[in-house]
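The questions below ask how a term earns its place in the description of a structure. Each answer puts a value beside the rule it must meet.

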Amino acid sequence: MSINKSNDIKSSEITDKQIYLNRRLFMKGAILAGTATASVLLYRGLNPPPAELPKGDKIETAKIITDEAARSGFTVNEKLTSLQDITNYNNFYEFSTSKGSVASASKGFITKPWSVSVEGLVNKPKTFDLDELLKFPQEDRIYRLRCVERWSMVIPWIGFPLSKLLDKVEPTSQARYVAFQTLYDPKRMPNQNTGVLDWPYVEGLRLDEAMHPLTILATGLYGQTLPPQDGAPIRLVVPWKYGFKSIKSIVKISLVAEQPPTTWNIAGPDEYGFYSNVNPNVDHPRWSQGMEQRIGEYGGRPTVLFNGYGEQVAHLYQGMDLRKYY
């Protein structure tokens, strides 16, 4: 189902695109700010040298919106985060641990040719090149993204349901989980030369989570192809989960029987669980998750269970102790 990414957003609430492109970068020190509010105050008050935004190809998408699409959570009637903020405040440790440095560190990252292998417990394993992936019907979707670090954005993604790709390879009855892997190439992703994380970056979902219609493989945002700092050329977006369930620059997807390892669970098992559902009632060991800071705004807002997508996804976790399975 294709929807309009912005028809239900008042034009007065959307900043002109040229303003998005004003050149600012967030200073490296902001990552060390003690609170999300402090980070945003630093971010909005500083104007260091810019990183050029890539001139991405436009992606053609159908512009259809329906009541069903809105009810299904494919669109959010909230002010969009500016393109400037989305492309200059990024978590992408393969390039830098500083959110404000990722854009400049990833400048020149080449994403063609590119392929994604889909393998494991499937009847028809296949390697898809990027052109094939872009032939899947691309949909416009406005999703909230909530990070465990307490900041959030509203992003107009372009992509297609992960389920459409998985249907092509026909998962077997033994498949219960989906594992993902990012490109490992320290020459192209220089921070992979450090030991800040175990490389390559890996992530995972339960199969029913992966097949949910809200789960997409994103190929663009704001009408254009993904820039490197946002996970080019293809990344995972799961809107009811914390931001680290947003693996970028994917090269391999595997269907498996057992729960796969995930990078942040490996790095900090007491801090980052497998499920990563947005839950204000489960605090990070070092801070509360009850409030969040919307990038581009002053002042916090209460964090909502499942990031506001409870109507669509709560049934997936019926009977589970969400404090134990965090």
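Q: What makes Phe92 buried?
A: This is a predicted model, and in it Phe92 has a relative accessible area of 2%. The cut-off for buried is under 20%, so Phe92 counts as buried.

Q: How do you know that Phe95 is buried?
A: The relative accessible area of Phe95 is 5%. That value is under 20%, so Phe95 is called buried.

Q: Why are Phe92 and Phe95 called an edge-to-face aromatic pair?
A: Their ring centres lie 4.9 Å apart, and the limit for a pair is within 6.5 Å. The planes stand at 85 degrees to each other; angles over 60 count as edge-to-face, so the name fits.

Q: How many aromatic pairs does the structure hold?
A: There are 16 aromatic pairs. Tyr89 and Trp151 form one of them, with 5.0 Å from centre to centre and 80 degrees between the planes. The distance is within 6.5 Å and the angle is over 60 degrees, so this pair is edge-to-face.

Q: What makes the pair of Tyr89 and Trp151 a link between distant parts of the chain?
A: Tyr89 lies in the loop between α4 (83–86) and α5 (102–105), while Trp151 belongs to strand β4 (residues 151–161). The two are 62 residues apart.

Q: Are Tyr89 and Trp151 buried or exposed?
A: Tyr89 has a relative accessible area of 5%, and Trp151 has 6%. Both values are under 20%, so both residues are buried.

Q: Why is the charged end of Arg141 said to sit over the ring of Phe74?
A: The charged end of Arg141 is 3.8 Å from the centre of the Phe74 ring. The rule asks for a distance within 6 Å and a position within 35 degrees of the ring normal. The distance meets the first part, and Arg141 is listed as sitting over the ring, so the second part is met too.

Q: Over which ring does the charged end of Arg144 sit?
A: The charged end of Arg144 sits over the ring of Tyr309, at 5.1 Å from its centre. This distance is also within 6 Å.

Q: What is the strand order in the open sheet of five strands?
A: The order is β2-β1-β10-β5-β6, with mixed pairing. Both β2 (126–129) and β6 (202–206) are edge strands, because each has a single partner strand and one side without a neighbour in the sheet.

Q: How do you know that β1 and β2 pair?
A: Four bridges join strand β1 (residues 115–120) to β2, and a pair needs at least two. These strands run antiparallel. Val118 stands opposite Lys126 in β2.

Q: What makes the pairing in this sheet mixed?
A: Strands β1 and β10 run parallel, joined by four bridges, with Gly120 opposite Leu255 in β10. Strand β5 (residues 177–182) and β10 run antiparallel, joined by six bridges. Ala179 has Ser254 in β10 as its bridge partner. Both directions occur, so the pairing is called mixed.

Q: Why is strand β10 (residues 250–256) called largely enclosed?
A: Five of its seven residues are buried, so the rest of the structure largely encloses β10.

Notes. Residues are numbered from 1 along each chain as its sequence is written. This is a predicted model: local features need pLDDT of at least 70, side-chain atom pairs count only at pLDDT 80 or more; totals for chains, interfaces and linings use all residues. Side-chain values use heavy atoms; hydrogens and water are left out. Rings of Phe, Tyr and Trp (its six-membered ring) pair if their centres lie within 6.5 Å; planes under 30 degrees apart count as stacked, over 60 as edge-to-face and the rest as tilted. Buried means under 20% relative accessible area, exposed over 50%, partly exposed in between (1.4 Å probe, protein chains only).
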